[in-house]
Amino acid sequence: MSGTIWVLAEHWRGQLSPVTYELLALGREVADALGVPLEAVLLGHGASGLAATLGCADSVLYGDHPALAEPMAQPYAEALAALALENRPAAVLIPLTNVSMGVGPLLAARLGCAGVNFAKDLTVRDGRIEAQCLLYGGKIQACVASAGGTVIEGVWPGARQADQGRSDRVPPVREVQLSLAEPRVRLKQYVDPEAGDVNLAEQEVLVAVGRGIQSQDNLELAENLAAALGGAVCGSRPVIDQGWLPLVRQVGKSGVTVKPKLYIAAGISGAPEHVEGMRDADVIVAINSDPSAPIFEVADYGIVGDALDVLPALAEAVEARKG
Amino acid sequence: MNILVLLKMVPDVVEELEIAPDGKSLASDALRMILSESDDHALEQALLLKERHGGVITVVAADGPEVDDALYTAAAKGADRVVKITGLEAGWGTRGLAHAFARVISTLPGLAPFDLILTGTQAIDDLDALVAPSVAYELDLPYVPIVSRVQVDPAAREADVFKEYPGGVRGEFAAPLPAMLGIQSAEKPPRYVPVAKVRAAMKTVKIEPAALATAADGGGPLVYVLAMAKPQASGRAEMLEGAPEEVAAKLCETLASRGLLAGRAA
């Protein structure tokens with residue numbers, strides 16, 4: 001149906017991603033504001049059973065094809081483009097996740113339509129969708145509109161609570177036949193991470209370090225504080241890429257999602273890719289020398305200062321308190 | 001192997017970003033442009049592949065502030081050819097840039113046939129598109145994003161790549177060559193090159209210009225920035241001020257009062 005809001009129902013390894021429900025909650029708001037239906041688009045092979053929990057949408061469009069057995073960007077974009085040409089949706093909401101990365105830009109290129117990246121929220125004004133986008137690692141917010149016709153909106157995880165998009169209602173499903181090329185890229189296997197010495201997801205206290213830690217030698221400062229607090233050390237992407245901490249200690253988009261009671265982020269700017277992995281911690285403390293660092297947006301307590309000075313002072317204060 | 005590396009400059013976010021008087025863009029006089037981080041990793045991955053398999057690396061970037069530096073640095077690290085695209089209209093975004101890359105790759109002598117195109121998987125200002133999938137679409141190449149390992153079997157004409165998934169999971173994919181890879185991380189951190197070597201490259205390396213015929217490239221942007229702002233402080237964070245010892249004492253007090261040091265007090 002023309003003018004509908006579509007949400008790509010992301011699923012991977014047999015399960016719908018929580019972000020799917022977040023986007024349904026957001027899509028519901030947009031569709032209601034525009035007075036149009038909300039439709040979830042589910043792609044896969046033998047995956048129609050996943051449609052049952054997508055009842056936040058008015059309906060589910062299910063496309064089945066062997067080429068869609070894995071959520072790969074090119075066959076997904078090819079399928080979505082074929083469906084969009086037939087149905088002319090007003091907008092297609094696609095999660096900005098590792099699983100779905102590339103789908104949005106490929107789809108926009110195929111359709112020759114506008115594509116917006118980095119949206120953290122969507123609003124409707126004068127019958128038009130405006131995206132609030134987080135650019136430059138979260139340091140700038142831009143209000144973005146598009147030229148008309150279908151728009152592809154790439155939305156960061158966390159735009160809404162997943163629970164808002166869950167529903168007990170079983171939606172009507174229309175299944176469509178797709179004709180797709182055989183994917184040129186072939187999945188050989190998934191490689192699960194080797195178990196590390198600590199399971200970050202089980203830690204109650206985490207001391208996280210980022211680029212601001214400056215060198216591997218300074219990790220000791222974080223380790224001392226973690227020891228004093230009875231927690232573990234983890235890191236953001238640059239620290240892992242430098243090889244200062246192993247992959248199993250990475251928090252964020254490509255790493256672990258954590259929900260500790262206390263998360264101390266030291267020298268971490270707070271790019272959306274990192275925040276995604278830790279925003280649900282009970283208490284967040286941010287230490288950063290840049291007062292405009294986006295990490296302070298999600299923190300409960302903020303300290304503008306050099307992590308290399310604050311970490312040892314904090315470790316000492318905690319130890320002193322223990323007596 | 002013939003490897004193309006596509007580079008893009010982005011604002012250095014370590015510097016304070018200022019909004020321009022139009023309220024829709026960044027004030028350019030306050031900007032310091034640097035190579036996009038994942039593009040640096042893409043270059044490093046290309047250099048590692050050249051070390052293993054030999055071949056030629058051609059680096060392509062669009063004209064702009066500091067881009068010559070980035071190209072000379074790439075040459076000093078081991079890139080064989082460096083190409084600068086001129087005539088790209090400002091404000092066309094990543095989509096326009098990707099279109100320019102595709103155009104130059106198909107028209108500049110010696111770039112095709114290639115085995116691999118490597119570029120960063122995403123840049124911090126990719127508001128309207130990403131380079132890797134957009135170029136992959138235009139050149140009809142197999143594409144894998146968020147790649148953190150690349151092994152090539154030249155005889156089999158196939159790349160074996162790792163794509164990052166959530167939770168530290170990696171997907172191992174086989175992509176037939178030629179292919180486009182969006183690189184997240186090279187297998188090693190990008191190498192350091194001494195300034196003296198970059199200076200030497202400036203004297204010996206020629207940056208090849210590739211002019212775009214913009215008249216034929218029509219279209220223009222499909223996405224518009226209505227307003228730009230620094231995110232408003234939610235006021236959520238309670239800011240603790242003072243010398244390190246003072247803030248440490250304050251924070252300790254607060255954490256204790258919230259029971260977060262419970263069980264720690266011996």
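**How chains A and B meet**

Let me begin with the contact between the two chains, which takes 68 residues from chain B and 79 residues from chain A. Please keep in mind throughout that this is a predicted model. On chain B, the elements that each supply at least two residues to the side touching chain A are α4 (131-139), β7 (143-153), β9 (170-176), β12 (223-229), β13 (238-240) and α6 (244-257). Which of these gives the most? That is α6(B), with 10 residues. If we sort this side of chain B by residue class, we find 47 nonpolar residues, together with eight polar and 13 charged ones.

The chains also meet through their strands, and I would like to show you one such pairing in detail. Strand β9 of chain A, residues 140-146, runs antiparallel to β12(B), and the two are joined over six bridges. If you would like a place to look within this pair, find A:Cys143, which stands opposite B:Ala227 in β12(B).

Now let us turn to a sheet that also draws on both chains. It is an open sheet of 10 strands with mixed pairing, and its order reads β12(A)-β9(B)-β8(B)-β7(B)-β10(B)-β6(B)-β1(B)-β4(B)-β5(B)-β11(B). Which strands stand at the edges? They are β12 (186-191) of chain A and β11 (207-211) of chain B, each of which pairs on one side only. Ignoring direction, neighbouring strands of this sheet are turned by 30 degrees against each other on average.

Within this sheet, β4 of chain B (residues 56-62) and β5 of chain B (residues 81-86) pair in the parallel sense over five bridges, and here B:Ala62 stands opposite B:Ile85 in β5(B). A helix packs on the sheet as well, namely α3 of chain B, residues 93-107, which touches β1 (2-7), β4, β5 and β11 of chain B. The direction of α3 makes about 140 degrees with that of β4(B).

Finally, I would like to look inside chain A, where the domain assignment gives domain 1 (5-177) and domain 2 (200-322). The centres of these two domains of chain A, taken over C-alpha atoms, are separated by 32 Å. How many residues of domain 1 are in contact with domain 2 in chain A? Eight residues of domain 1 are in contact with 10 residues of domain 2, and by class the side of domain 1 that touches domain 2 has three nonpolar, four polar and one charged residues.

Definitions and conventions:
Residues are numbered from 1 along each chain as its sequence is written. Chains are lettered from A and ligands numbered from 1 in the order in which they are written. This is a predicted model: local features need pLDDT of at least 70, side-chain atom pairs count only at pLDDT 80 or more; totals for chains, interfaces and linings use all residues. Two residues are in contact if their C-beta atoms, placed from the backbone, lie within 7 Å. Helices (H or I, at least four residues) and strands (E, at least two) are DSSP runs, numbered from the N terminus. Ala, Val, Leu, Ile, Met, Phe, Trp, Tyr, Cys and Pro count as nonpolar, Asp, Glu, Lys and Arg as charged, and the others, Gly among them, as polar. Two strands pair if DSSP finds at least two bridges between them. Axes are lines fitted to C-alpha atoms, for helices over the stretch in contact, and angles run from 0 to 180 degrees between N-to-C directions. Domain bounds come from an automatic or database domain assignment.
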